[in-house]
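Here are my notes on the model you sent over. I've kept them as numbered points so you can follow along with the structure open.

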Amino acid sequence: MRDQTIGEFLEQLSARVPVPGGGASAALHAAQGAALVAMVARYTTGERYAEHGAAVGRIAEAADELREAALRLAAEDAAAFTAVTDAYRLPKGSDGEKAARAAAVAAALEGAARPPAEVVAVAERVVALAEELLPIANRNLLSDVAAATEAARAAAGTARVNIEINLGGIKDGTVRAGFSATADAVGALVDRADRVTEAVRQEIAK
């Protein structure tokens with residue numbers, strides 16, 4: 001996916017093929033949010049912003065790392081979903097085969113929940129960087145700070161449903177509870193993103 005053009009990715013996304021799907025889309029939302037944060041930070045430089053130079057540099061570097069992490073998660077999500085489809089194709093003729101298939105499916109579903117759970121974590125960090133950048137950012141790019149949080153919000157919301165759809169098949173109660181907690185935390189993250197966007201809207205309306 002990293003080497004595809006946008007058009008090629010969207011063509012594949014729209015095709016009747018298992019991957020990419022919603023999980024990869026969530027990861028790419030997060031990557032775009034991170035890239036927007038980095039862009040705003042790089043426009044918040046020069047003498048006028050000298051007192052914030054260290055913070056701005058750190059934010060840009062962190063955002064770059066998050067963008068790379070999100071791209072990696074897009075690929076990992078596709079691989080994890082492929083593992084799920086492979087597990088469901090296992091034979092189930094005998095009791096032994098049924099047991100082996102059930103175990104493989106449960107393990108694959110657990111694996112499929114991990115990339116979107118990590119996407120939620122990336123989205124949370126993107127929002128946190130946007131929150132930190134907003135008060136010091138170049139005022140000409142405030143709308144891009146909001147765009148970053150809106151992208152992170154989309155990433156988290158999409159990742160949440162991709163976690164939840166796998167929960168029923170995860171047999172380990174502790175693991176399932178951990179994923180559920182990650183999904184449940186998305187509501188608070190969405191609220192934070194909303195507050196950033198609203199702060200931007202109020203500022204640019206002055």
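In what order do the elements of the chain run from the N terminus on?

1. Overall layout. They run α-α-α-α-α-α-α, so to speak a short answer. Keep in mind that this is a predicted model. The count is seven helices and zero strands. Along the principal axes, the C-alpha atoms fill a box of roughly 75 × 35 × 30 Å.

2. Burial and contacts. The chain has 206 residues, and 41% of them count as buried. If you take the contacts with a separation of 6 or more, 77% are between residues 24 or more positions apart.

3. The core. The largest nonpolar core has 62 residues, and the members that touch the most others are V37, V119, V122, L133 and F179. At least two core residues come from each of α2 (22-43), α3 (53-88), α4 (95-133), α5 (142-167), α6 (173-184) and α7 (186-204). The largest share belongs to α4, with 15 residues.

4. A closer look at V37. What does V37 contact once its neighbours within four places in sequence are left aside? The partners are I59, A63, V126, L129, A130, L133 and A148. L133 is worth clicking on too, as it is listed with V37 among the core residues that touch the most other members.

5. α2 against α3. These two helices pack at an angle of about 165 degrees, and their axes are 8 Å apart. Because that angle is over 145 degrees, α2 is roughly antiparallel to α3. Their crossing is left-handed. On the α2 side the contact includes G23, A24, A27, L28 and V37, and on the α3 side it includes V56, I59, A60, A63 and D64. Sorted by class, the residues here are 19 nonpolar, one polar and four charged. If you want to look for charged ones, R42 in α2 and R67 and D77 in α3 are among the residues that meet.

6. α4 against α7. Here the angle is about 30 degrees and the axes lie 10 Å apart. Since angles under 35 degrees count as roughly parallel, α4 and α7 are roughly parallel to each other. This crossing is left-handed. From α4, the residues V120, A123, E124, V127, A128 and E131 meet V186, L189, R192, A193 and V196 of α7. By class that gives eight nonpolar, no polar and three charged residues.

7. K171. Is this residue buried or exposed? K171 has a relative accessibility of 64%, so it counts as exposed. You'll find K171 in the loop between α5 and α6. Neighbours within four places in sequence aside, K171 is in contact with A106 and R176. The C-alpha atoms of K171 and V105 are 10.0 Å apart, with their positions 66 residues apart along the chain.

8. A55. This one sits in helix α3. A55 has a relative accessible area of 22%, which makes it partly exposed; the cut-off for buried is under 20%. Leaving out neighbours within four places in sequence, A55 is in contact with E132 and I136. R139 is 84 residues from A55 along the chain, and their C-alpha atoms are separated by 16 Å.

Key:
Residues numbered from 1 in each chain as written. Predicted model: local features only at pLDDT ≥ 70, side-chain atom pairs only at ≥ 80, totals over all residues. Heavy atoms only, no water. Core = buried A, V, L, I, M, F, W, Y, C linked by side-chain atoms within 4.5 Å. Buried < 20%, exposed > 50% of the residue type's maximum accessible area, 1.4 Å probe, protein only. Helix = DSSP H or I, 4+ residues; strand = E, 2+ residues; numbered from the N terminus. Contact = heavy atoms within 4.5 Å. Axes fitted to C-alpha atoms, helices over the stretch in contact; angles between N-to-C directions. Parallel < 35°, antiparallel > 145°, perpendicular 65-115°, else oblique. Left-handed = near helix turned anticlockwise from the far one by under 90°. Nonpolar A, V, L, I, M, F, W, Y, C, P; charged D, E, K, R; others polar.
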